[in-house]
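Let's take a walk through this protein together, beginning on the inside and working outward. Please have the sequence and the model open beside you as you read.

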Amino acid sequence: MLPRPASSVSRSHRCTPSSRPLGQRPPLGCVSASLRRWLQAPGSLTARLRAHGSVTLQVTYQGRQALWPQEREALGTSEGHVREVVLRIDGRPAVWARSVTPLSAAKGPWQAMKGLGTRPLAELLFTRRHVQRDPLVGERLPRHSPEREHIVREWQRLGMAESGPAPVWCRRSVFWRRGQPLQVLEGFAPWVPPLMTPR
């Protein structure tokens, strides 16, 4: 059984030039209140998006894949089962998401993610019993990080650049079931955070 890693919630604090080393990612306290609400919103993101229109889901990749450094650290494995999707509101790309779990977990407590098709992952995460969630961590993806470079490539490959820039701000969280982790990364298209949503 993989031990649960310690997670921390990004905390707001004053954003001044002297408050952080040069090049360090800005804390969530430096972002708008609307963006912070999206990054820290509990519950199902799909349900939150549905408050703004018809939500459809496109699966862009699913299968075995070598993991990124952050994923390897979070999940304790170098390979995993990966599912990448785009969530659209009334046809416009709104969220790019990547879900990753160890190969053993994809044959165990998280095996149902293989058969979701175009159904959202929320059907597993928020309806199954004994699922726990670590705190959400929001961040602005560094320019040359594997996450940001991959999202930009996918945004262009799928022809979504015409609808606006690729996501830069994202949030991560790890879900646990029967001692096995599943990490979800959700990146928001820039036009999404200004949408007014319930607090």
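**A space inside**

A search of the whole structure, which is a predicted model, turns up 1 cavity of 30 Å³ or more. How much space lies in the largest cavity? About 200 Å³. Rolling a probe the size of a water molecule over the atoms is what reveals empty space of this kind.

To find the cavity on your screen, look for Thr 46, Leu 121, Ala 122, Val 184 and Glu 186, which lie nearest its centre among the 20 residues of the lining. Several elements help to build the wall: helix 2 (45–49), strand 2, strand 3, helix 5 (122–125), strand 6 and strand 7 each supply at least two lining residues. Strand 2 gives the largest share, with 3 residues. By character, the lining divides into 12 nonpolar, 4 polar and 4 charged residues.

Now step back to the overall plan. The protein has 6 helices and 7 strands, and from the N terminus on they follow the order α-α-β-α-β-β-α-α-β-β-α-β-β. Of its 199 residues, 48% count as buried. Among contacts with a separation of 6 or more, 66% are made by residues 24 or more positions apart. On the outside, the accessible surface comes to about 10200 Å², and carbon and sulfur atoms account for 52% of that.

Next, turn to helix 6 (residues 146–157), where you will find His 150. Is His 150 buried or exposed? Its relative accessible area is 14%, below the 20% cut-off, so His 150 counts as buried. Its side chain makes a polar contact of 3.0 Å with the side chain of Glu 84. Beyond its neighbours within four places in sequence, His 150 touches Trp 68, Glu 84, Trp 96 and Arg 98.

Finally, visit two loops. Most residues other than glycine have a negative phi. Asp 90, although not a glycine, has a positive phi of about 50°. Asp 90 sits in the loop between strand 2 (79–89) and strand 3 (92–102), and with a relative accessible area of 57% it is exposed.

Arg 178 also has a positive phi, near 50°, in a residue other than glycine. Look for Arg 178 in the loop between strand 6 (169–177) and strand 7 (180–188). Arg 178 is exposed as well, with a relative accessible area of 61%.

Definitions and conventions:
Residues are numbered from 1 along each chain as its sequence is written. This is a predicted model: local features need pLDDT of at least 70, side-chain atom pairs count only at pLDDT 80 or more; totals for chains, interfaces and linings use all residues. Side-chain values use heavy atoms; hydrogens and water are left out. Helices (H or I, at least four residues) and strands (E, at least two) are DSSP runs, numbered from the N terminus. Buried means under 20% relative accessible area, exposed over 50%, partly exposed in between (1.4 Å probe, protein chains only). Contact means heavy atoms within 4.5 Å. Accessible areas come from the Shrake-Rupley method with a 1.4 Å probe; for residues, only the protein chains shown count as cover. A polar contact is a pair of N or O atoms within 3.5 Å; within protein, one must be able to donate a hydrogen and the other to accept it, and residues adjacent in sequence count only if both atoms are side-chain atoms. On a 1 Å grid over the protein atoms alone, a cavity is a set of points where a 1.4 Å probe fits but cannot get out, and a pocket is an open set with protein on both sides within 12 Å along at least five of seven lines; lining residues have an atom within 4 Å of a point. Grid points are joined across faces, edges and corners, and a volume is the space filled by probe spheres set on the points. Ala, Val, Leu, Ile, Met, Phe, Trp, Tyr, Cys and Pro count as nonpolar, Asp, Glu, Lys and Arg as charged, and the others, Gly among them, as polar.
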